[in-house]
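Reader: Could you take me on a close look at the charged pairs here, and then at whatever polar and helix contacts seem worth a visit afterwards? I'd enjoy a connected walk with the numbers kept in.

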Amino acid sequence: MELKDFKQTKKGKFLNSYELTYKNKEGKDKVYEMVSRESGLSAVSVGKKTAGVAIAGFKDGRILLIREFRMGVNDYVWAFPAGLIDEGETPSQAAARELKEETGMDIVKINDMLKSAFSCTGVTDEKSVVVFCEIDGDIEECKFADEEISAGLYTKEEVRKLLAEECFSARTQAVCYFWSKETLP
């Protein structure tokens with residue numbers, strides 16, 4: 001595919017819309033739409049910035065999950081605590097802040113941090129880092145009026161039941177699936 005044109009079509013409060021025109025392998029135009037948190041993107045800058053973090057937290061053999069109302073799907077979804085990286089923050093600093101804000105818990109030790117990866121390549125250029133860490137503290141209610149979040153620590157057996165019955169974000173579902181398996185395929 002050859003990119004012929006890249007233009008911003010809408011500037012929103014949180015998301016910006018873009019229209020990309022490609023020349024396909026038959027030489028015809030293929031117009032594609034995408035959104036980004038970034039404004040003023042170009043073909044050179046699209047997909048370059050890491051926007052957020054997700055926190056895979058573990059305590060006493062259990063995994064931390066949140067059940068959060070997500071307006072984009074008009075429903076509750078099981079996920080990891082997550083959020084945007086503020087200007088001047090590192091991913092580890094953002095992870096610590098977001099974990100505290102959403103659950104009241106603290107990161108004790110970061111065990112691993114995955115390279116930033118795209119969240120949903122069919123719709124957006126947003127990239128996030130997944131932080132695997134040990135956590136401690138007591139779960140507290142999220143205080144933000146615009147966020148409905150309930151947090152809990154779950155055993156592998158409880159997670160397997162949730163995976164069979166509930167709706168998850170994709171990255172959380174994948175991590176939970178492999179973590180909760182007694183034997184991997």
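Author: Let's begin with Glu68, which counts as buried because its relative accessibility is 8%, under the 20% cut-off. Please keep in mind that this is a predicted model. Glu68 is paired with Arg70 in a salt bridge, and their closest N and O atoms are 3.1 Å apart. Arg70, for its part, is partly exposed, with 43% relative accessibility. One partner of this pair is therefore buried, while the other is partly exposed. As a general point, side chains of opposite charge can pair when their charged atoms come close.

That pair has company, as the structure holds twelve salt bridges. Another one joins the side chains of Arg97 and Glu101, with 3.4 Å from N to O. Why do Arg97 and Glu101 sit about one helical turn apart? Both belong to helix 1, which covers residues 91-103, and they are four residues apart in it, so about one helical turn separates them. Glu101 is partly exposed, at a relative accessible area of 28%.

Lys100 reaches Asp106 in a further salt bridge, where the closest N and O atoms are 3.2 Å apart. Here both ends are partly exposed: Lys100 has a relative accessibility of 40%, and Asp106 has a relative accessible area of 36%. Elsewhere, salt bridges with shared partners link Asp86, Glu89, Arg97, Glu98 and Glu101 into one network. The Arg97 and Glu101 pair described above thus takes its place within that network.

From charged pairs, let's turn to polar contacts. Ser36 is found in strand 3, residues 29-36. With a relative accessibility of 1%, Ser36 counts as buried. Its side chain has a polar contact of 2.7 Å with the side chain of Asp125. A polar atom of the Ser36 side chain also lies 3.0 Å from the backbone nitrogen of Glu38. Setting aside neighbours within four places in sequence, the residues in contact with Ser36 are Phe14, Leu15, Asn16, Tyr18, Leu41, Thr124 and Asp125. Asp125 thus appears both in that list of contacts and as the side-chain polar partner of Ser36.

Thr172 offers another buried site to look at, with a relative accessible area of 0%. Thr172 belongs to helix 3, residues 170-180, and its side chain makes a polar contact of 2.9 Å with the side chain of Ser169. If residues up to four places away in sequence are not counted, Thr172 touches Leu65, Trp78, Ala79 and Phe80.

Helix 3 also gives us a helix pair to finish on. The axis of helix 2, residues 156-165, comes within 9 Å of the axis of helix 3, and the two cross at roughly 135°. The two helices are therefore oblique to each other: the cut-off for roughly antiparallel is over 145 degrees. The crossing of helix 2 past helix 3 is left-handed. On the helix 2 side, Lys156, Val159, Arg160 and Leu163 make the contact, and on the helix 3 side Gln173, Cys176, Tyr177, Trp179 and Ser180 do so.

Terms used. Residues numbered from 1 in each chain as written. Predicted model: local features only at pLDDT ≥ 70, side-chain atom pairs only at ≥ 80, totals over all residues. Heavy atoms only, no water. Salt bridge = Lys/Arg side-chain N within 4 Å of Asp/Glu carboxyl O. Buried < 20%, exposed > 50% of the residue type's maximum accessible area, 1.4 Å probe, protein only. Polar contact = N/O pair within 3.5 Å; in protein donor to acceptor, adjacent residues only side chain to side chain. Contact = heavy atoms within 4.5 Å. Axes fitted to C-alpha atoms, helices over the stretch in contact; angles between N-to-C directions. Parallel < 35°, antiparallel > 145°, perpendicular 65-115°, else oblique. Left-handed = near helix turned anticlockwise from the far one by under 90°.
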